[in-house]
Amino acid sequence: MGSFAIGDAIYQLLMMILLAIVGFIIQFTLKMIKQQKKKQQHLARLEQKID
């Protein structure tokens, strides 16, 4: 029973790490998408000025 408890604790720790990594990736991706949108808006404004 003792070894099972240790295995369960390790499993929970791995799940927490996995969730943290996934959360970080999602936040990073959203940040990149926002930056891309800002760049596109900026380019659109420059194009309007040229026209």
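**A single helix with a nonpolar patch**

F24 is a good place to start: with a relative accessible area of 57%, this residue is exposed. The model is a predicted one, and F24 sits in helix α1. That helix covers residues 2-50, and the tally for the protein chain is 1 helix and 0 strands.

The overall dimensions come next. Boxed along the principal axes, the C-alpha atoms of the protein chain take up roughly 75 × 5 × 5 Å. The radius of gyration comes out at 22 Å, whereas a compact globule of 51 residues would be near 10 Å. As for burial, 0% of the 51 residues make the cut; a residue counts as buried under 20% relative accessible area. The protein chain exposes about 5,200 Å² in total, and 70% of that comes from carbon and sulfur atoms.

Distances along the helix give a feel for the layout. From F24 to Q35 there are 11 residues in sequence, and their C-alpha atoms are 17 Å apart. For Q27 and S3, a spacing of 24 residues goes with 36 Å between C-alpha atoms. K49 and I25 are likewise 24 residues apart along the chain, with 36 Å separating their C-alpha atoms.

Back to F24 and its surroundings. The structure holds 1 aromatic pair. The partners are F24 and F28, whose rings are stacked, with 6.5 Å from centre to centre and 20 degrees between the planes. Planes under 30 degrees apart count as stacked, so the 20 degrees found for F24 and F28 fits that class. F28 belongs to helix α1 as well. Because F24 and F28 are 4 residues apart in helix α1, about one helical turn separates them.

Both phenylalanines also belong to a nonpolar surface patch, which is made up of I6, I10, L13, L14, I17, I21, F24, I25, F28 and M32. Taken together, these residues have about 1,000 Å² of accessible area. Membership calls for over 30% relative accessible area, so F24, at 57%, clears that bar.

Polar and charged side chains were looked at too. Q27 lies in helix α1 and is exposed, with a relative accessible area of 55%. K49 is found in helix α1 too, and its relative accessibility of 71% puts K49 in the exposed class. The cut-off for that class is over 50%, so Q27 at 55% qualifies.

To pull this together, the predicted model shows a protein chain with 1 helix and 0 strands and with 0% of its residues buried. Helix α1 carries the stacked pair of F24 and F28, and those two rings are part of the nonpolar patch on the surface.

Technical notes
Residues numbered from 1 in each chain as written. Predicted model: local features only at pLDDT ≥ 70, side-chain atom pairs only at ≥ 80, totals over all residues. Heavy atoms only, no water. Patch = residues over 30% accessible without salt bridge, like charges linked within 9 Å, V, L, I, M, F, W, Y side chains within 5 Å. Areas by Shrake-Rupley, 256 points an atom, 1.4 Å probe, with all protein chains shown as cover. Salt bridge = Lys/Arg side-chain N within 4 Å of Asp/Glu carboxyl O. Phe/Tyr/Trp six-rings, centres within 6.5 Å; stacked < 30°, edge-to-face > 60°. Buried < 20%, exposed > 50% of the residue type's maximum accessible area, 1.4 Å probe, protein only. Rg over C-alpha atoms; globule rule 2.2 N^0.38 Å.
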